[in-house]
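Let's take a walk through this fold, helix by helix and contact by contact. Keep the viewer open as you read.

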Amino acid sequence: MAVGGRKDKVYSKKIKRLRRAILVAVAAACLIPTCICVILAIRYDRLNAKYEQSTADLEWYRQKYGDELSIVLSEGQNGGTVRAAEEDLNAETGGFEQDYAEVDTSGAQNPEDIEGTRYVYLTFDDGPSIYTDEILDILQEFDVKATFFVCGKPDSKYVEAYKRIVEDGHTLGMHSYSHKYSDIYSSKEAFEEDFKKLRIFLYETTGVWANYYRFPGGSSNGVSHVNIKELESFLEDSDVTFYDWNISAKDDKAGNTKESIYANIVDNVPKFKHCIVLMHDAADKRSTVDALPDVIKAIKAMDDTVIVPITDNTLPVQHIK
Ligand SMILES: [Zn+2]
């Protein structure tokens, strides 16, 4: 009897344990899908809100600029009717002011302190231009991918340039539609409208919904009438990361030459493990195109160094903290 009683106790303990395990399993089986459902519902709601916002933006753009764009695209596809000379375009936008923010490289990381590969990101601002094709040819020749922070140029002759940047596998970033400081930095609303106009223009032209931005003049431009932090939070809400630079070719400075551009880039790359190089793709920047092949050769010859385009994994270099 006593033995049987002990056995019963052991069994009832086992049964209790089993019951508890089953209860826990049932509870988990109910709770986990419930949690997943709640998370998915929240995500769905957020995505839906974004989708509705994008649809509204697209509608706003089509109503406001749709006619202009369809002319540009149809002319571009038919081989292109040049509607404005490069000079006229610059006159229209008030000329592309210089990107003048100076970068303090005194805090450059010591490469000896950091293990691993050096990443070099070549970035071209202000395009497309009469030189975009030549720049793309050079990049292709050296099998290098770069990043283009482009502006909005509603001229059919540039349609193919926007498309080729994407087709060749480069990253398409935004650099404001108008590049007019006096306009885009006059108010938060003006900045937002310019931003939306460019983003949708690029989407309609290339099918890319761009996610990277470079402020004209950099985030430390000092000319914005709006606190740049406000513009940053707008970009963040739009799922956009902005990139400044830590190396400048200084190809927008008077008196620059092929040699000075080469030195400004190649001498500074060894100072960083993570180099975001500012260059320009513009009609008055011939020296940049001339310097590019030697710049690429020199960087490629450096140990443990790769040239890559900006992606979601690229750490941003930002002047304004
Ligand atoms: Zn610029």
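Isoleucine 22 sits in helix α1, which covers residues 2–77. In this predicted model, Ile22 joins Leu18 and Val26 in a nonpolar surface patch, and together they have about 290 Å² of accessible area. As a rule, residues three or four places apart on an α-helix point the same way, because there are 3.6 residues a turn.

Now follow α1 along to lysine 64, whose side chain meets that of glutamate 193 in a salt bridge, 2.5 Å from N to O. Glutamate 193 belongs to helix α6, so this pair ties together parts that are 129 residues apart in sequence. Both ends still see some solvent probe: glutamate 193 is partly exposed at 28% relative accessibility, and lysine 64 is partly exposed at 46%.

While you're on α6, check its length. Its 19 residues, 188–206, should span 27 Å at 1.5 Å a residue, and the end C-alpha atoms are indeed 27 Å apart. Its buried residues include Phe191, Phe195, Leu198 and Phe201, but also Asp194, Lys197 and Arg199. Just past the helix, glycine 207 takes a positive phi of about 85 degrees.

There are 14 salt bridges by count. In one of them, arginine 164 pairs with aspartate 137 at 2.8 Å, N to O. Arginine 164 comes from helix α4 and aspartate 137 from helix α3, so the contact links parts 27 residues apart in sequence. Here arginine 164 is buried at 17% relative accessible area, while aspartate 137 is partly exposed at 40%. The two also belong to a salt-bridge network with Asp133 and Asp168.

Technical notes. Residues are numbered from 1 along each chain as its sequence is written. This is a predicted model: local features need pLDDT of at least 70, side-chain atom pairs count only at pLDDT 80 or more; totals for chains, interfaces and linings use all residues. Side-chain values use heavy atoms; hydrogens and water are left out. Helices (H or I, at least four residues) and strands (E, at least two) are DSSP runs, numbered from the N terminus. The expected span of a helix is 1.5 Å times one less than its number of residues. Buried means under 20% relative accessible area, exposed over 50%, partly exposed in between (1.4 Å probe, protein chains only). Patches are made of residues with over 30% relative accessible area and no salt bridge: like charges are joined within 9 Å, nonpolar side chains (Val, Leu, Ile, Met, Phe, Trp, Tyr) within 5 Å. Accessible areas come from the Shrake-Rupley method with a 1.4 Å probe; for residues, only the protein chains shown count as cover. A salt bridge is a side-chain nitrogen of Lys or Arg within 4 Å of a carboxyl oxygen of Asp or Glu.
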